[in-house]
Amino acid sequence: MVQAVLFDLDETLILDHSVSLHALQGCAFYAASWYSLDIPRLVQAAEEAAVRLWRAGPAYSYTQRIGHSAGEGLWARYTVQTHPALKVLSEWAPDFRVAVWQEALGEQRIRDQALCEALAHRYLSERRLFPRYPEVDALLERLRGYKLGLVTNGVPDLQREKLTGASLQDWFQAVAVSGELDVGKPEQGIFEHICRELNVEPSACVMVGDNPERDIAGALRAGMRSVWVNRGFKPKDPRYQADLEVSNLLEMLPWLETL
């Protein structure tokens, strides 16, 4: 019998990619009020520069382990430092953010330090939106009979800010953040932690997420059933077969009721 339903956060309960794109576009429009430039090209160049510089950064291996991305590095505050690498990131990130815009604008032969600093600061505020997927409220209402847990990868302050910013914190009896525990999906430890917090066995849990390599693989390792929500950003991975595939979270309810 299923006692608990566990959720990923980004691109499962709340929008992520589209909000990041919105913020980058907002910054690019702002830059276009300073100079005549190609806005789509600037957005793409900023995305590519962020990934390239992130991979060369001083804490890349740590961020890979806990699941913290280059895009998140553009707006995380790093105020909660549960690991030495988070202090490193807090000191390195301001220059990283400016450098992203230096490279992106440089592709269009624009050299303006003041603009780069303004864009780095602007993105910090532009990105702070936390819209829920449209079916989330109805889904959570229907799941009131289950214990609910959140299992999310990322740095402590940012993931907690997303949770409260989306007004979702009161729905969950337990929350596991990889940066707080120093272990991330798909490692078994984070799933064991949430089971202890909810006082349930892994076999009595269903894990719901959008990332086959993190969410579904982790559920399989932990001995849980899983639901893959296909939001169109992560391709299906035949190595990690979920028990159910959906495109809308409400589609899982009839299946869940049979367990």
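**Close-up 1. Helix α10 and the residue after it.** In this predicted model, N199 comes right after helix α10 and has a positive phi, near 60 degrees. The helix itself spans residues 188–198, and its buried residues are I190, F191, H193, I194, C195 and L198. Remember that an α-helix has 3.6 residues a turn, so residues three or four places apart point the same way. What sits over the buried residues of α10? The cover includes the strands β1 (4–7), β2 (147–152), β3 (174–177) and β4, along with helices α9 (178–181) and α11.

**Close-up 2. From β4 over to β5.** Strand β4 (residues 205–209) runs parallel to β5, and the two pair over four bridges. If you want one pair to look for, V206 has R225 of β5 as its bridge partner. Between these strands the chain passes through helix α11 (residues 212–222), making a right-handed β-α-β crossover.

**Close-up 3. Strand β5 and its pairing with β6.** Why is β5 (residues 225–229) largely enclosed by the rest of the structure? Because four of its five residues are buried. β5 also pairs with strand β6 (residues 244–246), again in the parallel sense, this time over three bridges. Here, W228 has E245 of β6 as its bridge partner.

**Close-up 4. A28 in helix α1.** A28 belongs to helix α1, which covers residues 17–31. Its relative accessibility is 0%, so A28 counts as buried. Looking past the neighbours within four places in sequence, you'll find A28 in contact with L37, I39, L42 and V43. D38 lies ten residues from A28 in sequence, with 8.8 Å between the two C-alpha atoms.

How values were computed
Residues are numbered from 1 along each chain as its sequence is written. This is a predicted model: local features need pLDDT of at least 70, side-chain atom pairs count only at pLDDT 80 or more; totals for chains, interfaces and linings use all residues. Side-chain values use heavy atoms; hydrogens and water are left out. Buried means under 20% relative accessible area, exposed over 50%, partly exposed in between (1.4 Å probe, protein chains only). Two strands pair if DSSP finds at least two bridges between them. A crossover is right-handed if, with the strands pointing away from the viewer, the path from the first strand over the helix to the second runs clockwise. Contact means heavy atoms within 4.5 Å.
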